[in-house]
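Grab a viewer and work through a few short exercises. Try each task yourself before you read its solution.

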Amino acid sequence: MTKKILFSAIITGILGLILYVFFPREIEESTTTDLADVPDIYLKNVKIQAFDETGQLAYELAAQEVEQFTAQTRMLFKHLKILVERENGELWHMNAHLGSVQPDSDNLSQILEPIELLGSVTVYSGDFNDPEYLFEGMNVVFDPSSNTIYSDEDVYIKAGGSTYDADSFHFDLETKRLKSSSEPGSQVEIQHESIEAE
């Protein structure tokens, strides 16, 4: 019986040595995952309605995927669509590949946090084929608490019969007040569309 135990121990030791010699890299190359990079909540095909302090509907949001990162106090939306209906019935559509809500971790979360529309962004009112207003650019911020959209990156703007190319803009959805600017030394390019007689 002692010989069997001794023989089993020797065989086990030899097998362990063989595994260590031939497969050490696999053991050493095991990586750890930073939990801050992993979402703790993952949702698909989400529709959200957000309301202001008076109980009025501020916007409707639809996303194919939503990931929440509590460690980073961040929520990430994929294939994002936002619909804002003004009191006069005017509809604003905001489309982006990605969107992020990342409240300041040092301050309490607001009822309506700003939403960063990331990547290529399209914002328009009315019919997409003939919008009254159109904004096409990169990384636009929608602030539902102030009903504004803005960006510090290049943007193409269509407002009525005029089009603009600018380096940044700030637009109030309620008052229709538009501020656009360019870097020093360049100008905001303004073009007017003309309707040719048939």
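The exercises below go from the overall fold to a few strands, one residue and a pocket in this predicted model.

**Exercise 1: the overall layout**

Task: work out how many helices and strands the protein chain has, and in which pattern they come along the sequence.

Solution:
- Start with the count: the protein chain has two helices and twelve strands.
- Next, read along the sequence, where the pattern is α-α-β-β-β-β-β-β-β-β-β-β-β-β.
- Then look at burial: of the 198 residues in the protein chain, 30% are buried.
- For the surface, the protein chain exposes about 13600 Å², and 53% of that comes from carbon and sulfur atoms.
- Finish with contacts: taking those between residues at least 6 apart in sequence, 40% join residues at least 24 apart.

**Exercise 2: pairing around strand 3**

Task: find out in which sense strand 3 pairs with strand 2, parallel or antiparallel, and over how many bridges. Then do the strand 4 side, including the turn.

Solution:
- Strand 2 covers residues 57-69 and strand 3 covers residues 74-85; nine bridges pair them in the antiparallel sense.
- On the other pairing, strand 3 and strand 4 (residues 91-101) also run antiparallel, joined by ten bridges.
- Use methionine 75 in strand 3 as a marker: glutamine 68 stands opposite it, and so does valine 101 in strand 4.
- Now the turn: strand 3 and strand 4 form a hairpin, with five residues between them. Check the backbone of glycine 89 there, and you'll get a positive phi of about 90 degrees.

**Exercise 3: one residue in strand 2**

Task: decide whether phenylalanine 69 is buried or exposed.

Solution:
- First place the residue: phenylalanine 69 sits in strand 2.
- Its relative accessible area is 5%. The cut-off for buried is under 20%, so phenylalanine 69 counts as buried.
- For a partner from elsewhere in the sequence, take isoleucine 41, 28 residues away along the chain; its C-alpha atom is 7.2 Å from that of phenylalanine 69.

**Exercise 4: the largest pocket**

Task: give the volume of the largest pocket and say which residues lie nearest its centre.

Solution:
- Rolling a probe the size of a water molecule over the atoms shows where empty space is left.
- Here the largest pocket comes out at about 390 Å³.
- Its lining has 16 residues, and Asp52, Gln56, Leu57, Ala58 and Asn147 lie nearest the centre.
- Sort the lining by class, and you get six nonpolar, four polar and six charged residues.
- Lastly, link back to the strands: strand 2 and strand 3 each supply at least two lining residues.

Technical notes
Residues numbered from 1 in each chain as written. Predicted model: local features only at pLDDT ≥ 70, side-chain atom pairs only at ≥ 80, totals over all residues. Heavy atoms only, no water. Pairing = 2+ DSSP bridges. Helix = DSSP H or I, 4+ residues; strand = E, 2+ residues; numbered from the N terminus. 1 Å grid on protein atoms, 1.4 Å probe; cavity = no way out; pocket = protein on both sides within 12 Å on 5 of 7 lines; lining within 4 Å. Points joined across faces, edges and corners; volume = space filled by probe spheres on them. Nonpolar A, V, L, I, M, F, W, Y, C, P; charged D, E, K, R; others polar. Buried < 20%, exposed > 50% of the residue type's maximum accessible area, 1.4 Å probe, protein only. Contact = heavy atoms within 4.5 Å. Areas by Shrake-Rupley, 256 points an atom, 1.4 Å probe, with all protein chains shown as cover.
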